[in-house]
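Here is a friendly walk through the spaces inside this protein and the way some of its helices pack. Keep the viewer open as you read.

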Amino acid sequence: MKKISFKTASNEEILVSNILMGSGDFLRIENMDAAEKVLDRYIELGGNTFDTARHYRHSEKALGAWMEKKGNRDAVNIQTKCGHPVREASDVPRVTPEAIYEDLQTSLEFLKTDHVEFLGLHRDNELVPVGPIMEALHNEVISGRVKAVGVSNWELPRIIEAQNYCLENGLTPLSFNSPNLSLATINKPRWENCVTANSEMKEWHEKTQLPLIAWSSQAEGFFANRFSQDDLSNEEIVDVYYNESNWEKLKRVNQLAKEKNCQPIQISLAYVLSQPFPICAVIGSETIEQLESSVAASKIVLTAKEMDWLNLK
């Protein structure tokens, strides 16, 4: 796997594999035997970074147990996220300095570590000024509990505002942005208050070269030919991904996959990893076969012409 350079506030370089092992619904404490084999294989294939969050059920506990068993904490990077609305009151924003501190404290306990390499804000609350939020993230860097900070599901104007505030006030700048990004065109966000990288955001990343961590990078398997226009049984997928643009993209993905002798889902992931800026893709492999397929996809080279053609340009 290709390594992407992330910079910390102290200008330290952290090398991150361009495929992150996601753990939203995978690392379940009751299924660690199956999970362990996939995690071990991810490391063997050159992966070194795990995506988790305070919101992801048993994920942090399971990851902490695995690292303790393997004794490999110093060999891996952890990205966790804070500030997600709690399940009991999902409509109540928690993007506050207090939530940042409390969520990180719990995450460190579950992960059985005294720090994480990356801390991201899981959501935004535009009613809260960026100043106190950035100051709270900066304090966690100063404390040594975090090496680099970023945001997830923030709109570009807020990202720029936050970055400018950090630079003007001598605070830790953002080291990454984590929106949804895939080949698919979405009809609406899959989850409330989520952000998909639009053309303006992608142009900004190309200009600034700030690393982007793409979630739902494989569009929930849409380009694996798991769905058809006549099958409306998965209401969520229908609402988010069923549109004429995506059916045409799927045809083109299938055609290019035949030409390159690979799987269609690999073409869609290669598209994400071929953006003209530093980018990593979060995957949710539940089997070794799925993992190895994604790693192979990271080696597929797409030309600029092929990228435009896949994206209907």
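The structure, which is a predicted model, holds two cavities of 30 Å³ or more. The largest cavity has a volume of about 50 Å³. If you would like to find it in your viewer, select its lining: Asn180, Ile186, Pro189, Arg190, Cys194, Val195, Thr196, Trp215, Val240 and Tyr241. By class, that lining has seven nonpolar residues, two polar ones and one charged one.

Next, let us turn to an open space. The second largest pocket has a volume of about 580 Å³. Its lining is made up of 26 residues, and those nearest the centre of the pocket are Lys202, Tyr271, Gln275, Asn311 and Lys313. Two elements, α6 (199-208) and α11 (304-310), give two or more residues to this lining. The top contributor is α6, with four residues. Sorted by class, the pocket lining comprises eleven nonpolar, nine polar and six charged residues.

Now for the helices. Two helix pairs can be set side by side:

| Helix pair | Axes come within | Crossing angle |
|---|---|---|
| α1 (residues 32-44) and α2 (residues 59-70) | 11 Å | roughly 65° |
| α3 (residues 97-111) and α4 (residues 130-143) | 9 Å | roughly 30° |

Let us start with α1 and α2. The crossing of α1 past α2 is right-handed. On the α1 side, the residues in contact are Met32, Glu36, Leu39, Asp40 and Ile43, and they meet Ala62, Trp66, Lys69 and Lys70 of α2. This contact brings together five nonpolar and four charged residues, with no polar ones.

What about α3 and α4? Their axes cross at roughly 30°, and angles under 35 degrees count as roughly parallel. The two helices, α3 and α4, are therefore roughly parallel to each other. Here too there is a hand to note: α3 passes α4 in a right-handed crossing. From α3, the contact takes in Pro97, Ile100, Tyr101 and Leu104, while α4 supplies Pro132, Ile133, Ala136, Leu137 and Glu140. In this contact of α3 with α4, eight residues are nonpolar, none is polar and one is charged.

To retrace the tour on screen, begin with the largest cavity, where Trp215 and Tyr241 are among the lining residues. Then move to the second largest pocket, with Lys202 and Lys313 among the residues nearest its centre. Finish at the helix contacts, including Trp66 of α2 in the one with α1 and Tyr101 of α3 in the one with α4.

Definitions and conventions. Residues are numbered from 1 along each chain as its sequence is written. This is a predicted model: local features need pLDDT of at least 70, side-chain atom pairs count only at pLDDT 80 or more; totals for chains, interfaces and linings use all residues. Side-chain values use heavy atoms; hydrogens and water are left out. On a 1 Å grid over the protein atoms alone, a cavity is a set of points where a 1.4 Å probe fits but cannot get out, and a pocket is an open set with protein on both sides within 12 Å along at least five of seven lines; lining residues have an atom within 4 Å of a point. Grid points are joined across faces, edges and corners, and a volume is the space filled by probe spheres set on the points. Ala, Val, Leu, Ile, Met, Phe, Trp, Tyr, Cys and Pro count as nonpolar, Asp, Glu, Lys and Arg as charged, and the others, Gly among them, as polar. Axes are lines fitted to C-alpha atoms, for helices over the stretch in contact, and angles run from 0 to 180 degrees between N-to-C directions. A crossing is left-handed if the near helix is turned anticlockwise from the far one by less than a right angle, and right-handed if clockwise. Contact means heavy atoms within 4.5 Å. Angles under 35 degrees count as roughly parallel, over 145 as roughly antiparallel, 65 to 115 as roughly perpendicular and the rest as oblique.
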